[in-house]
Amino acid sequence: MQLVNVRRALRGSEPLGEIPPQSELIRNSVSMAWPSIVESFLIAFVGMVDTMMVGSLGSHAITAVGLCTQPKFIMLAFFMALGVAVSATVARRRGEADQEGANRVLMQALAISAAVTALISFSAFFFADPIIRFTGSAPDTHAEAVGYFRILSVGLCFTSLTLIINAAQRGAGNTRIAMQTNMVSNLVNVFFNYLLIGGNFGFPRLGVRGAALATVIGTVCGFLMSLRSVSNPHGFLYLFDLHHMRFDLRTLRGLVSVGASTLAEQVFMRFGFLTYARIVAGLGTTAFAAHQIGINLLSLSFSFGDGLSAASIALVGRSLGERRPDLAKIYGSACQHIGFAFSVMLSVVFLLGNVRIFELFNDEPEVLQYSWMIIVVLCITVFAQISNVIFTGCLRAGGDTFYAAIVALVSIAVIRPLAGWFFCYPVGWGLTGAWVGLLFDQASRIALSYPRFRGGRWTKISL
C-alpha cells in the first residue's frame, strides 16, 4: 500500500503541474519532519525527566510542578500564536523567493514579542500567588508552586524570543536549527536539574525551585544558539539588516491574519486545559500526581504530531507560495500517514511498558493504582491526538486559523471540561471519568478537523 495516495489526497481535482515521484514525496516529508520530531520529542522527554527528578521529592512535588503547567502555557499563548503566524508567513515568502519579506516578518515579530514579553513577565511574577491559588493548589503544594512559577516568569523573555526565531527557521525549512538549539537547551536543563534539585557536587539543594532555575538556564543557552543562527549575513534569515526594521502593512496583515485566530485558538485551548486541570485537582494530591504522569506521557505522543505539524506547515506553506495547492494537500496526506505509523509504535510501547513506565516517575502504591486505566486511554487517544495536530498544522499553513480556533473552542474549551466534570463527579468515576472526558475531546476534534482538511478550502486563502 502506498504511503501517499495521490488520487485520494487530491480528491477528484486535477494536479496543477508535475507531481513528484512517490519516493521524492516521502523523502521531502521525512527530511523536513525528522528534525522537528526529534526537537519536540526532546522537549517532551525532558519534561518527563523533570517530573521524574522532581518525583524523587514525593507526589506533592509532582503536583506543585503540574499546577504550573497551564499558567506557564497561558503566559506563552501569545508567543505560540505569533510563532505559528511567523512559520506560515515565512514559508509563503520562501515559496515566493522573497527573502527580504521573510526577514521583515522575523524582525517585526521579534519587536512585537519583546514588548509583550515585558508586560506578561512582570504581571506573572507579581500575581503568581493568586494565579497558582486559582489553579486549585492545596496547602502542601502552594508555596513550592508559587516559587517555581515566579522563576519561570523571569526567564520568559528568553523563551519567547527563542520561540519566534525557531518558528521563522522552521518556516524557511531550517528545521535542524530549532532541533539543535532545543537539544542543547534540554541537556543543560537536565544537567542543572541534577545539580540543583538534590544539591549535588556542592550546589545548594533547591528542590522544586532548582528545577525551575535549571529550566531558565537551559533556555538562555537555547536563546544564544537561536540568535547565532540568524547572525549569518549569507543565510536566508539575517537579523541584523537594519532596513528590515521598518513596519509595513503587508507583513503586519499577514501576521495578524494568521496570528489573531491562532491566539484565539490558544486562549480557548488554555482555558479548557486549565479548567480541566482544576477539575482533576479537586480529586486530591495523589490523583493529580497520577494524572500529571499521564499528561507527561500524552505529551510524548503530542511531540510526534507536533514535529510532523511543523513539517507540514513548512511544506504546505511553501507549496501554496509556489501556487501548488495540489502539492499542499499531498504533503499534508503524507505527514498523516507517517503520523499513523508513529501512533502504532507508541501504543505498543505504552502497552508493553504499562505499570513499569509509571514507576519511573513515582512508586507510591496510591499513585500506581491509576496506571493501567491511564495507559489504556493513552493507547486509544494517541491515534486521534497525532492526526489532530497534523490536520491543524495544515489548516494553519493555509491561513484557515479561524476554523482551527472554532475547533479548539468546541472541543477543548467546552467538551473536555464538561465531559470530564460529568464523568468525574456526577457519574462518580473519579480520575477515570476525567480521562474519559479527554477521549471525548479528541474524538470531537478529529470529527471536525478531518472533513475540513479533505475539503481543501484552506488551500485557497491568501496571506
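Which side chains meet in a salt bridge at 3.2 Å, N to O? I looked this up to begin my notes, keeping in mind that the structure is a predicted model, and I found that the pair is R133 and D129.

**Entry on the salt bridges**

I noted that the structure holds eight salt bridges, and I followed some of them through the chain. R133 and D129 both sit in helix α6, which covers residues 128-134, and they are four residues apart, about one turn of the helix. I then looked up how covered each partner is: R133 is partly exposed, with a relative accessible area of 49%, and D129 is also partly exposed, at 29%.

I turned next to R452 and D400, whose side chains meet in a salt bridge at 2.8 Å, N to O. This pair links distant parts of the chain, since R452 lies in helix α17 (residues 431-455) while D400 lies in the loop between α15 (371-397) and α16, 52 residues apart. I wrote down that both R452 and D400 are buried.

Which residue meets D441 in a salt bridge at 2.9 Å? I found that the partner is R416, and that this pair, too, links distant parts of the chain, with D441 in helix α17 and R416 in helix α16, 25 residues apart. D441 is buried, and R416 is buried as well. I also recorded that R416 and D441 belong, together with R445, to a network of salt bridges.

**Entry on the surface of α16**

I stayed with helix α16, residues 401-424, and looked up F402, which lies in it. Is F402 buried or exposed? I found a relative accessible area of 57%, and because a residue counts as exposed over 50%, F402 is exposed. F402 is part of a nonpolar patch on the surface, which it forms with I406, L409, V410, V414 and L418, and the accessible area of these residues together is about 490 Å².

**Entry on helix α9 and S185**

I checked the length of α9 against what would be expected: at 1.5 Å a residue, its 22 residues should span 32 Å, and the end C-alpha atoms are 32 Å apart, so the two values agree. I then listed some of the buried residues of α9, among them T175, A178, M179, S185 and L196.

I chose S185 for a closer look, and I noted that its helix, α9, runs over residues 175-196. The relative accessible area of S185 is 11%, and since buried means under 20%, S185 counts as buried. What does the side chain of S185 reach at 2.8 Å? I found that it reaches the backbone oxygen of G218. Leaving aside the neighbours within four places in sequence, I recorded contacts of S185 with G218, T219 and G222.

**Entry on helix α8**

I looked up α8, residues 156-171, and found that its 16 residues reach 23 Å from the first C-alpha to the last, close to the 22 Å expected at 1.5 Å a residue. How many of the 16 residues of α8 are buried? I noted 12, and the helix is therefore described as mostly covered, given that buried means a relative accessible area under 20%. The buried residues of α8 include L156, S160, I164, N166, R170 and G171. After α8 comes G173, and its phi is positive, near 95°.

**Entry on positive phi values outside glycine**

I then searched for positive phi in residues other than glycine, and one of my notes concerns A97, whose phi is near 60°. A97 lies in the loop between α4 (69-95) and α5 (99-126), and at 67% relative accessibility it counts as exposed.

My other note here concerns N354, which has a positive phi of about 30° although it is not a glycine. N354 is found in helix α13, residues 325-359, and with a relative accessible area of 14% N354 is buried.

**Entry on K329**

I remained in helix α13 and looked up K329, which has its place there. Is K329 buried or exposed? At 8% relative accessibility, I entered K329 as buried. I also looked up the separation between the C-alpha atoms of K329 and S343, which is 21 Å, the two residues being 14 residues apart along the chain.

Methods: Residues are numbered from 1 along each chain as its sequence is written. This is a predicted model: local features need pLDDT of at least 70, side-chain atom pairs count only at pLDDT 80 or more; totals for chains, interfaces and linings use all residues. Side-chain values use heavy atoms; hydrogens and water are left out. Patches are made of residues with over 30% relative accessible area and no salt bridge: like charges are joined within 9 Å, nonpolar side chains (Val, Leu, Ile, Met, Phe, Trp, Tyr) within 5 Å. Accessible areas come from the Shrake-Rupley method with a 1.4 Å probe; for residues, only the protein chains shown count as cover. A salt bridge is a side-chain nitrogen of Lys or Arg within 4 Å of a carboxyl oxygen of Asp or Glu. Helices (H or I, at least four residues) and strands (E, at least two) are DSSP runs, numbered from the N terminus. Buried means under 20% relative accessible area, exposed over 50%, partly exposed in between (1.4 Å probe, protein chains only). A polar contact is a pair of N or O atoms within 3.5 Å; within protein, one must be able to donate a hydrogen and the other to accept it, and residues adjacent in sequence count only if both atoms are side-chain atoms. Contact means heavy atoms within 4.5 Å. The expected span of a helix is 1.5 Å times one less than its number of residues.
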